[in-house]
There are 2 protein chains.
Amino acid sequence: MTAPEMSSSVARDAAMLNESMLRAGAELMFFGYRSFTQDPDKILAERDYGRAHHRALHFIGRQPGLSVAGLLDILGVTKQSLARVLKPLIDDGFVEQRVGESDRRQRLLFLTEDGQAFEERLSAPQRARLARAFNQAGPEAVEGFRSVLELMMDDEQRAQASAVIGEARLP
Amino acid sequence: MTAPEMSSSVARDAAMLNESMLRAGAELMFFGYRSFTQDPDKILAERDYGRAHHRALHFIGRQPGLSVAGLLDILGVTKQSLARVLKPLIDDGFVEQRVGESDRRQRLLFLTEDGQAFEERLSAPQRARLARAFNQAGPEAVEGFRSVLELMMDDEQRAQASAVIGEARLP
DNA sequence: AAATTATGTCAGCGATGTTGACATAAATAT
DNA sequence: ATATTTATGTCAACATCGCTGACATAATTT
C-alpha cells in the first residue's frame, strides 16, 4: 500500500535536521513569544486585564461586527472563558454589542472609541517591536519567518489562520 | 539635541512596513505558538501537569546539574511559581536534586531516567512538527525564522537566549 | 560574629483555561 | 403550530500558573 515516494518523511526530516537544531527552534519559540508579549502585558497589568483581553480587543478591532461564535472560533476557548474576558471589556466601555440584523440571536461585537484607543495603545509597542525585527532582518527573513510559522500549523489551523489573516501577505 | 542620523527609526520602519503586515505578524505569532504547544499540552493533561512542567523538564534535561537559581533565571518566574512545578516533578520521580559540590547550599537539578523518557515523549511531537515545518520551508526560511525571532528580543533577552541556545546555530 | 546567599515553604490573590448544567430568545424544521 | 436546534449568557467548581509578602534554614562570605 505504501508507494516508494511515501517513504517516511519523518525519517527524511531526521536526516536533514539534527536534534540540537530542533531544540534551538523550540527554545526560540519560547524566548521569542515571551519577548513578543511583554510590552502589552505591562500595560494590561494597569487594569486587571491579561493577554486574553488583548486578544479579544485585537480580533474584534480587526473584524468589527464579529459574532460571539466567530470570536470563540478564532480564540479557540470555551464561551465561559470568553465571557470572563468579554464582560469586563463591555462593562468598562471598550466593547459594544449590537443585535444581529439578519439573525437577532447574534450579538455582534464592536470596539467603542475608547476600546479602539486602548487596543492601539496595547498594540503599538508590539508592532514597533515587530517592525524593528522585520526591518533589521530584511524581507527574505520575514518571508522565512512567515512560512515556518504557517507550516507549523495543521492544515485546519492554517486554513483558519489564513482566513483570519487574509490576503495581507507578509513580505 | 537630536542628531540628524537619529531620525526616528520608528518612522523609517513605518515607511517600509504597513500596518496590515505587522498585524499579520502578530497573528502569526499567536496562531503559530498555539500550534507549537498543542502536542505536548495533550500529553501533559494526562497527569495534572501544564506547560510549565514541560519547560522545567526541557531546560533541566538540556543542562543537567543546573541550579535552582539558574532555572529561575531561564524561566523568568518567581521561586514560588517554580516550586509548585518542581515539587510535583520531584515527588513523581522525574527530577532529582543533588547538593552542589562547590557550594552545598545549591540544589543541582537532574532528570531521572523516567524524567528523561517523559521529556522525550513530550518533545517528540513538537520536534516532529518543527522538523516538518523546517524541511518544507527550506534552510533560508529557517534562517529567516531564527533571525526575526532573535531580533524581536531585547538585547538582554537575546544575550540570555543565545547563552541558553548556545552555538547550535539553526540553519 | 554578622551579613549575605541559595533554597524552601506557607498563605493569599488574580488571570485564564476547563467541564457541567441550566436558561432564554430566536430561528428553523417537521 | 409545535418541536427542535442554535446563539448566547450565566452559575458553580476546579486546575494551572503567574504574582507578592513573609518567614525559616543552612551554608557561605565578610
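The questions and replies below go through the terms applied to this predicted model and the values behind them.

Me: How do you know which residues and local features may be discussed here?
Reply: Because this is a predicted model, local features need pLDDT of at least 70 and side-chain atom pairs count only at pLDDT 80 or more, while totals for chains, interfaces and linings use all residues. Residues are numbered from 1 along each chain as its sequence is written, chains are lettered from A and ligands numbered from 1 in written order, and side-chain values use heavy atoms, with hydrogens and water left out.

Me: Why is A:D39 called buried?
Reply: Buried means under 20% relative accessible area, against over 50% for exposed and partly exposed in between, with a 1.4 Å probe and protein chains only; A:D39 has 13% relative accessibility and therefore counts as buried.

Me: What makes the pair A:D39 and A:R129 a polar contact?
Reply: The term asks for a pair of N or O atoms within 3.5 Å, where within protein one must be able to donate a hydrogen and the other to accept it, and residues adjacent in sequence count only if both atoms are side-chain atoms. The side chains of A:D39 and A:R129 make such a contact at 2.7 Å. With neighbours within four places in sequence left aside, A:D39 is in contact (heavy atoms within 4.5 Å) with A:P125, A:Q126 and A:R129.

Me: How do you know that β1(A) and β3(A) pair?
Reply: Two strands pair if DSSP finds at least two bridges between them, and β1(A) and β3 (residues 107–111) of chain A are joined in the antiparallel sense over two bridges. A:S67, for instance, has A:L108 in β3(A) as its bridge partner.

Me: Why is the relation between chains A and B that of a two-fold axis?
Reply: Superposed by least squares on the C-alpha atoms of residues with pLDDT of at least 70 in both copies, chain B falls on chain A after a rotation of 180° with 0.0 Å of shift along the axis, at an RMSD of 0.0 Å. That is therefore the relation of a two-fold axis. In chain B, the C-alpha of B:F145 is nearest the axis, at 1.9 Å.

Me: What makes a residue count as near DNA strand C?
Reply: One of its heavy atoms must lie within 4 Å of the strand; there are 25 residues around DNA strand C, and A:D48, A:R55, A:S81, A:R84 and B:K79 come nearest. A backbone N or O atom of A:D48 lies 2.7 Å from a phosphate oxygen of the strand, whereas a polar side-chain atom of B:R105 lies 2.6 Å from a base oxygen.

Technical notes: Helix = DSSP H or I, 4+ residues; strand = E, 2+ residues; numbered from the N terminus.
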